[in-house]
Amino acid sequence: MKYAVRFWAALAAVAALCDLGSVPLVWSEPRRPSPECPGSPSYDCNVIPPVVCRAICNQFQSAVVRDRCAYRQRLVIERYEKPRRPGDAPGRQRQNRETEVMVEPSTRPDETGQYPVLTRIVSDTDDNGRPKSRVDPKALTILSAQGFFDLIFFPLTPERIAYYEFEPTSSPREGELAFRFRPRTQSRAVPLASGVVYLSEQGEMLTLAIDGMYNLEILDKSLKNIRSISATVDYSQFNDRFRMPTLARGEGLSDVSRFDGYFKFSFEEGNYRPVLRMPSWATSGRAPRD
C-alpha cells in the first residue's frame with residue numbers, strides 16, 4: 001500500500017512533547033508472532049496484546065480499501081483569538097467555515113506507478129459562514145490535503161507499531177477494551193500520535209481519542225507552530241469488515257501563520273464507493289485471526 005503524500009497543514013500536531021518515559025511492558029498472554037494479515041508488511045506482535053495486533057491488521061486493510069474508494073468529506077472549522085491566559089475563554093471569532101469535498105483516487109497512475117488522490121470541492125463558505133455563489137472545484141482548501149487525517153484516523157499501522165508502547169486502561173463502556181498508546185522516548189524520526197484506542201474483543205476500531213501528535217515537523221517545518229491538539233474519532237463498519245472513520249471532532253491552539261488562534265473542528269466522512277480494483281483479500285471474506 002502507498003500512504004499517499006497528503007497533508008493538512010492547518011490542523012496538524014502538538015508542539016510540546018510530553019516526557020513520556022519508556023517502561024517495558026510484560027503481558028500475561030504468551031508471546032505471539034505477527035498475525036496473518038494479507039497485504040500487510042510484516043510487524044512484530046511479541047510485546048503487544050493480541051487484540052491490538054488484530055487492530056493493526058484491520059487499520060492497515062481499512063486504509064488500503066479507503067484509498068481505493070471515492071468518498072465525501074465535510075469539515076466545519078471555527079477559529080478564535082487566543083485566550084489571554086491559560087484557562088480563559090477564547091477571544092472573538094475569526095473564522096467559521098464549512099467545506100465539503102469529494103475525494104477520489106485517479107484511475108491512471110502517475111510516473112511513479114502510484115495513483116494520486118484527487119480532491120474536488122462540492123460546496124464551500126467564506127470565513128463568516130456565508131455560502132459561496134461560485135465554487136472552484138480545484139481550489140485549495142484545508143481538505144485539499146489529507147495526510148494529517150491519515151495519521152489521526154490510522155495511527156496504528158504496521159510501519160509505526162514498533163515506535164509505540166501500549167498499556168491497558170479502563171473503558172467507560174461495557175464490552176470494550178481500551179489501551180493507551182504513546183511513542184517510545186527514542187522515537188524522533190517518524191510522525192506519531194498518542195491517546196487511547198477503544199476496541200471490540202475482535203480488535204475492531206470503535207473510538208480513538210487523540211491527545212498528542214509528534215514529529216510532524218519532519219513533514220513540514222511549519223508544524224512546530226501548532227501548540228496543542230486533541231481529537232476524538234468514531235468508526236463505522238464498511239462491507240461487514242473494515243472500520244472507516246466517519247465522525248471526528250477536536251480543538252487546539254495554533255501559532256501557524258494565517259491560522260493562528262484557538263480552533264475547533266468537526267468532521268464527517270462517508271458515502272464510500274469503490275473506484276480502483278480491490279486486493280483479493282478484500283473480497284474473499286473476513287481476514288484470518290490468530
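These are my notebook entries on one protein structure, which is a predicted model.

**Entry 1: the overall layout**

I began by listing the elements, and I found two helices and ten strands. Read from the N terminus, their order is α-β-β-β-α-β-β-β-β-β-β-β. The protein has 290 residues, and 47% of them count as buried. I then looked up the exposed surface, which is about 14600 Å², with carbon and sulfur atoms supplying 48% of it. Next came the contacts between residues with a separation of 6 or more: 61% of these join residues 24 or more positions apart.

**Entry 2: the nonpolar cores**

Which residues touch the most other members of the largest nonpolar core? I noted Phe153, Phe166, Phe181 and Met213, in a core of 46 residues. Helix H1 gives the largest share of this core, seven residues. Another core lies apart from it and has 15 residues, including Val64, Cys69, Val103 and Ile121. A general point for my margin: in soluble globular proteins, nonpolar side chains tend to be buried together.

**Entry 3: aromatic rings**

I counted nine aromatic pairs. In one of them, phenylalanine 153 and phenylalanine 267 have ring centres 5.3 Å apart and planes at 50 degrees, so I wrote the pair down as tilted. Phenylalanine 153 belongs to helix H2 (residues 147–153) and phenylalanine 267 to strand S10 (residues 261–274), so 114 residues separate these partners, and the pair links distant parts of the chain. Both phenylalanine 153 and phenylalanine 267 are buried.

I went on to phenylalanine 166 and phenylalanine 181. Their ring centres are 6.4 Å apart with planes at 35 degrees, so this pair is tilted too. Phenylalanine 166 is in strand S4 (residues 164–169), phenylalanine 181 is in strand S5 (residues 177–183), and they are 15 residues apart. Are these two buried or exposed? Phenylalanine 166 is buried, because its relative accessibility is 1%, and phenylalanine 181 is buried as well, because its value is 0%.

I also marked Tyr71, Phe238 and Tyr272 as one aromatic cluster. At tyrosine 198, I found the charged end of arginine 173 over the ring, 5.0 Å from the ring centre.

**Entry 4: salt bridges**

How many salt bridges does the structure hold? My tally is 21. In general, side chains of opposite charge can pair when their charged atoms come close.

I looked up glutamate 269 and arginine 66, whose closest N and O atoms are 2.8 Å apart. This salt bridge links strand S10 to helix H1 across 203 residues, and both of its partners are buried.

Glutamate 81 and arginine 92 form a salt bridge at 2.9 Å, N to O. Both lie in the loop between strand S1 (69–80) and strand S2 (93–105), so this bridge ties together parts eleven residues apart in sequence. Glutamate 81 is partly exposed at 29% relative accessible area, whereas arginine 92 counts as exposed at 55%.

I added the salt bridge of arginine 130 with aspartate 126, at 3.2 Å from N to O; aspartate 126 is partly exposed at 22%. Glu165, Glu167, Arg182 and Arg184 are joined into one network by salt bridges that share partners.

**Entry 5: asparagine 58**

My last stop was asparagine 58, in helix H1 (residues 50–67). Why does asparagine 58 count as buried? Its relative accessible area is 12%, and buried means under 20%. Beyond its neighbours within four places in sequence, asparagine 58 is in contact with Gly203, Arg241, Phe242 and Arg243.

Note on methods. Residues are numbered from 1 along each chain as its sequence is written. This is a predicted model: local features need pLDDT of at least 70, side-chain atom pairs count only at pLDDT 80 or more; totals for chains, interfaces and linings use all residues. Side-chain values use heavy atoms; hydrogens and water are left out. Helices (H or I, at least four residues) and strands (E, at least two) are DSSP runs, numbered from the N terminus. Buried means under 20% relative accessible area, exposed over 50%, partly exposed in between (1.4 Å probe, protein chains only). Contact means heavy atoms within 4.5 Å. Accessible areas come from the Shrake-Rupley method with a 1.4 Å probe; for residues, only the protein chains shown count as cover. Rings of Phe, Tyr and Trp (its six-membered ring) pair if their centres lie within 6.5 Å; planes under 30 degrees apart count as stacked, over 60 as edge-to-face and the rest as tilted. A charge sits over a ring if NZ of Lys or CZ of Arg is within 6 Å of the ring centre and within 35 degrees of the ring normal. A nonpolar core is a set of buried Ala, Val, Leu, Ile, Met, Phe, Trp, Tyr and Cys residues joined through side-chain atoms within 4.5 Å. A salt bridge is a side-chain nitrogen of Lys or Arg within 4 Å of a carboxyl oxygen of Asp or Glu.
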